[in-house]
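Welcome! Take a moment to look over the chain before you start, and keep the view open as you work.

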Amino acid sequence: MDQMQKEILFSREVIDKRVKELAACISQDYEGRELIVIGILKGAFIFMADLIRALSIPCQVDFARLASYGAGSVSSGKVILMNDIEMSIRGKDILIIEDIVDTGITLSYFVQWLKERNPRSLKVCAFLDKRGRRKVTFEADYVGFTIEDGFVVGYGLDFDEKARFLPDVYIMKE
Ligand code: PRP
């Protein structure tokens, strides 16, 4: 990884514009309702912070910590819920915020987990939808950007905990 080059895929300006578009769409869809947004840590923290500040409706926030372990960039397919949400979501409108949908395993697991608590509604907003590596059928309701494949870092996305802090999104090149 240290020998790999990186190239900007989505600049901070492009990201900012798209996040504001998503926020406008979500604000319109949830007009007059009380939204609880649930960020999946760690990757979603930057996207979530930007997105909720661009909403024109009030929201409450909570977090869950989920992890799928594997070697390097390859997911093991096993999801571990390391920290659950704290709030009661029964009868509430819930929007899960995620940085990336890859195999779809993490979100499939977490959506099912939350559905069992009977929210009024449950939708997913993903910053990136990496469509080429799905292992389970999963469609996010709101998507920032779609890519087919490739290893991306920055704007919350890491490699070995590095690069989350970068304001732009990069694709790694051999
Ligand atoms: C990443 C990402 C998603 C998940 C997506 O999390 O943040 O939660 O993988 O992959 P999937 O669709 O193949 O399940 P990771 O486990 O790397 O933890 P992190 O958020 O702390 O980086």
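The exercises below walk through a predicted model, each with a worked solution.

**Exercise 1. The ligand and its surroundings**

Task: Find how many residues surround the ligand, and which are the closest.

Solution:
- Step 1. Start from the ligand and collect every residue with a heavy atom within 4 Å of it. This gives 17 residues.
- Step 2. Pick out the closest ones: E98, D99, T103, G104 and T106.
- Step 3. Sort the shell by class. Five residues are nonpolar, five are polar and seven are charged.

**Exercise 2. Polar atoms at the ligand**

Task: Which protein atoms lie 2.5 Å, 2.8 Å and 3.0 Å from an oxygen atom of the ligand?

Solution:
- Step 1. At 2.5 Å from a ligand oxygen you meet a polar side-chain atom of T106.
- Step 2. At 2.8 Å, the partner is a backbone N or O atom of D102.
- Step 3. At 3.0 Å, the atom is an N or O in the side chain of R65.
- Step 4. Now turn to how well the ligand is covered. On its own, the ligand would expose 490 Å², and 88% of that is buried by the protein.
- Step 5. Ask where the shell comes from. Strand 3 (59–68), strand 5 (93–101) and helix 3 (105–115) each give two or more residues to it. Strand 5 supplies the largest share, with four residues.

**Exercise 3. The six-stranded sheet**

Task: Work out the order in which the six strands form an open sheet, and which strands sit at the edges.

Solution:
- Step 1. Read across the sheet: the order is 4-3-2-5-6-7, and the pairing is mixed.
- Step 2. Look for strands that pair on one side only. These are strand 4 (79–83) and strand 7 (142–147), the edge strands.
- Step 3. Follow the twist, which averages 30° from one strand to the next.
- Step 4. Zoom in on one pair. Strand 5 and strand 6 (121–130) run parallel and share eight bridges. Within this sheet, I100 has L128 in strand 6 as its bridge partner.
- Step 5. Add helix 3, which lies across strand 2 (35–41), strand 3, strand 4, strand 5 and strand 6. Relative to strand 5, helix 3 runs at about 165°.

**Exercise 4. The three-stranded sheet**

Task: What is the order of the open sheet of three strands, and which way do its strands pair?

Solution:
- Step 1. The order is 1-9-8, with antiparallel pairing.
- Step 2. The edge strands here are strand 1 (5–10) and strand 8 (152–153).
- Step 3. Count the bridges between strand 1 and strand 9 (169–173): there are five. In strand 9, V169 stands opposite F10.

**Exercise 5. Details in the loops**

Task: Where do E139, K42 and N118 lie, and what can be noted about each?

Solution:
- Step 1. E139 belongs to the loop between strand 6 and strand 7. Its side chain makes a polar contact of 2.7 Å with the side chain of R131. The C-alpha atoms of E139 and S108 are 9.4 Å apart, although 31 residues separate them along the chain.
- Step 2. K42 is in the loop between strand 2 and helix 2 (45–54). The peptide bond leading from L41 to K42 is cis, with omega near 5°.
- Step 3. N118 sits in the loop between helix 3 and strand 6. N118 is not a glycine, yet its phi is positive, about 55°.
- Step 4. Why pause at these last two cases? Most residues other than glycine have a negative phi, and most peptide bonds are trans.

Terms used: Residues are numbered from 1 along each chain as its sequence is written. This is a predicted model: local features need pLDDT of at least 70, side-chain atom pairs count only at pLDDT 80 or more; totals for chains, interfaces and linings use all residues. Side-chain values use heavy atoms; hydrogens and water are left out. A polar contact is a pair of N or O atoms within 3.5 Å; within protein, one must be able to donate a hydrogen and the other to accept it, and residues adjacent in sequence count only if both atoms are side-chain atoms. Accessible areas come from the Shrake-Rupley method with a 1.4 Å probe; for residues, only the protein chains shown count as cover. Ala, Val, Leu, Ile, Met, Phe, Trp, Tyr, Cys and Pro count as nonpolar, Asp, Glu, Lys and Arg as charged, and the others, Gly among them, as polar. Two strands pair if DSSP finds at least two bridges between them. Axes are lines fitted to C-alpha atoms, for helices over the stretch in contact, and angles run from 0 to 180 degrees between N-to-C directions. Contact means heavy atoms within 4.5 Å.
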